[in-house]
2 protein chains.
Amino acid sequence: MLAVMDRAEVTIPLIAQRANVTPSTIYRRWGDLQDLLADVAASRLQPETEPAETGSVYEDLQAWVEQYADEMSSGAGREMIRDILSVPDTANAEKCSGYTQQQLRVLIARAQERGEPFPTLTELMDYVISPIMYRILFEQPPNAECVRGLTSRVIPEGAVKS
Amino acid sequence: MLAVMDRAEVTIPLIAQRANVTPSTIYRRWGDLQDLLADVAASRLQPETEPAETGSVYEDLQAWVEQYADEMSSGAGREMIRDILSVPDTANAEKCSGYTQQQLRVLIARAQERGEPFPTLTELMDYVISPIMYRILFEQPPNAECVRGLTSRVIPEGAVKS
DNA sequence: AGATAAAAGCAAATAATTTGCGTTAGTGGT
DNA sequence: ACCACTAACGCAAATTATTTGCTTTTATCT
């Protein structure tokens, strides 16, 4: 719905009209457009499904990270991240990071159940997620090869790779 | 000058008045406040000095990274990053990353001259800068201990640590 | 049902943004 | 030195967004 519009065209009076409310209602609830978009983006970033279970946990990880990178690199993804970071309040950014960690914890738990060695949450966040996000935000979005490279570097020696 | 004002109070008509120009001049040049702030922030992020030369190159690195983290974590720093990332145009973000890499390259060159082993630019960006920036943007700004930990992990074995 | 408080509508007032048009400053060619 | 020519600016009117005071609705608790 909102996705079909150019961002520059989105305005509070317009949103109000679509929602059949007066603009002042929205202004009072959110303050300004940035705050509203940040909330919307954060809610849309919430994962609705657990990481897919393919074969080995490493494949699960590779697949999940690759999808994560793709989604975040896409036009819509980058727009949502921007909306979240554009606002002084850090609550939505933390929520967003929380979603990521929650997904990764599922994989970690899966590995633990199977008794397979696996990177820690911190390692995954620092050495995989962070570099991907940095590239998206400050450089060029990483391609698949780059993402695989980052991921495979945290996979323990002797692990059953894809 | 701008730093003394609350961000919410900064408006284009106000800036125009201070600059003794008409608002329309600024609107035509920058489009909107976000674009202007992004440009200002990027120019202020440009380093005006090379990384300090203390003792070993590792100390130089530790010191520089620590200062980088401090500056970026500060209120003003976070504000500038936000301004840069808030805008669709990625030119300023790339410029910002470029400044960081330029500084790191100085350290790398310094290590090379001395024949000391040193992390590559990619390692530094991926494993030190990116995690720091991710924490600043999405979690809590890293404390000194955390920053030192990230840095020391990329320092080669057997290196002359501080 | 009645009282109360939080949220929403409405409309006037204020502020920001856009736009058309006339003017000025700077540039290159003769 | 002069004359186009272009790009940027000033000015002011028109448009649009934002804020605000006050009223009305809606939901909740007693």
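Two residues count as in contact here if their C-beta atoms, placed from the backbone, lie within 7 Å. With that in hand, here are my notes on this predicted model.

1. **Where the two chains meet.** Chain A gives 17 residues to the contact, and chain B gives 18 residues. On the side of chain A that touches chain B, two or more residues come from each of α5 (75–85), α6 (91–114) and α7 of chain A. Helix α7(A) has the largest share of that side, with nine residues. Sorted by class, the chain A side holds ten nonpolar, three polar and four charged residues.

2. **Chain A as a whole.** If you scroll along chain A, you will meet eight helices and zero strands. From the N terminus on, the order of elements is therefore easy to write down: α-α-α-α-α-α-α-α. The C-alpha trace of chain A spans about 60 × 30 × 25 Å along its principal axes. Of the 162 residues in chain A, 29% are buried. Sequence distance is worth a look too: among contacts in chain A between residues at least 6 apart in sequence, 63% join residues at least 24 apart.

3. **One face of helix α8(A).** Helix α8 of chain A covers residues 144–154, and its buried residues are V147(A), L150(A) and T151(A). Seen down the axis of α8(A), these buried residues fall within an arc of 95 degrees, so they line one face of the helix. What do they pack against? The partners of the buried residues of α8(A) are α4 (57–73) and α7 (121–138) of chain A.

4. **The α7(A) and α8(A) pair.** The axes of these two helices, α7(A) and α8(A), come within 9 Å and cross at roughly 170 degrees. Angles over 145 degrees count as roughly antiparallel, and α7(A) and α8(A) are therefore roughly antiparallel to each other. On the α7(A) side, the residues that meet α8(A) are E123(A), L124(A), Y127(A), V128(A), P131(A) and I132(A). From α8(A), they are met by V147(A), L150(A), T151(A), R153(A) and V154(A). The residues of this contact divide into eight nonpolar, one polar and two charged. V147(A), L150(A) and T151(A) are buried residues of α8(A), and they also take part in this contact with α7(A).

5. **Around DNA strand C.** Which residues are closest to DNA strand C? It is surrounded by 14 residues, and the closest are V21(A), T25(A), T11(B), I12(B) and S24(B). At least two residues of the surface near strand C come from each of α2 (23–30) of chain A, α1 (12–18) of chain B and α2 (23–30) of chain B. Helix α2(B) supplies the largest share, four residues. By class, the surface near DNA strand C has six nonpolar, five polar and three charged residues.

6. **Around DNA strand D.** Strand D also has 14 residues around it, of which T11(A), I12(A), S24(A), V21(B) and T25(B) come nearest. Here α1 (12–18) and α2 of chain A, along with α2 of chain B, each supply at least two residues of the surface. The largest share of the surface near DNA strand D is four residues from α2(A). Its make-up by class is six nonpolar, five polar and three charged residues.

7. **N20 in each chain.** A backbone angle to look at: N20(A) has a positive phi of about 55 degrees although it is not a glycine. You will find N20(A) in the loop between α1 and α2 of chain A. Is N20(A) buried or exposed? With 6 other C-beta atoms within 10 Å, N20(A) is exposed. In chain B, N20(B) has a positive phi of about 55 degrees as well, and is not a glycine. N20(B) lies in the loop between α1 and α2 of chain B and counts as exposed, with 6 C-beta neighbours inside 10 Å.

8. **E79 in chain B.** E79(B) sits in helix α5 (residues 75–85) of chain B. It has 16 other C-beta atoms within 10 Å, so E79(B) is partly exposed. Try finding L37(B) from there: E79(B) and L37(B) are 42 residues apart in sequence and 9.8 Å apart in space, C-alpha to C-alpha.

Technical notes: Residues are numbered from 1 along each chain as its sequence is written. Chains are lettered from A and ligands numbered from 1 in the order in which they are written. This is a predicted model: local features need pLDDT of at least 70, side-chain atom pairs count only at pLDDT 80 or more; totals for chains, interfaces and linings use all residues. A residue is buried if 20 or more other C-beta atoms lie within 10 Å of its own, exposed if 12 or fewer, and partly exposed in between; C-beta atoms are placed from the backbone. The arc is that of the directions from the helix axis to the C-beta atoms. A residue is near a molecule or strand if its C-beta atom, placed from the backbone, lies within 6 Å of it. Ala, Val, Leu, Ile, Met, Phe, Trp, Tyr, Cys and Pro count as nonpolar, Asp, Glu, Lys and Arg as charged, and the others, Gly among them, as polar. Axes are lines fitted to C-alpha atoms, for helices over the stretch in contact, and angles run from 0 to 180 degrees between N-to-C directions. Angles under 35 degrees count as roughly parallel, over 145 as roughly antiparallel, 65 to 115 as roughly perpendicular and the rest as oblique.
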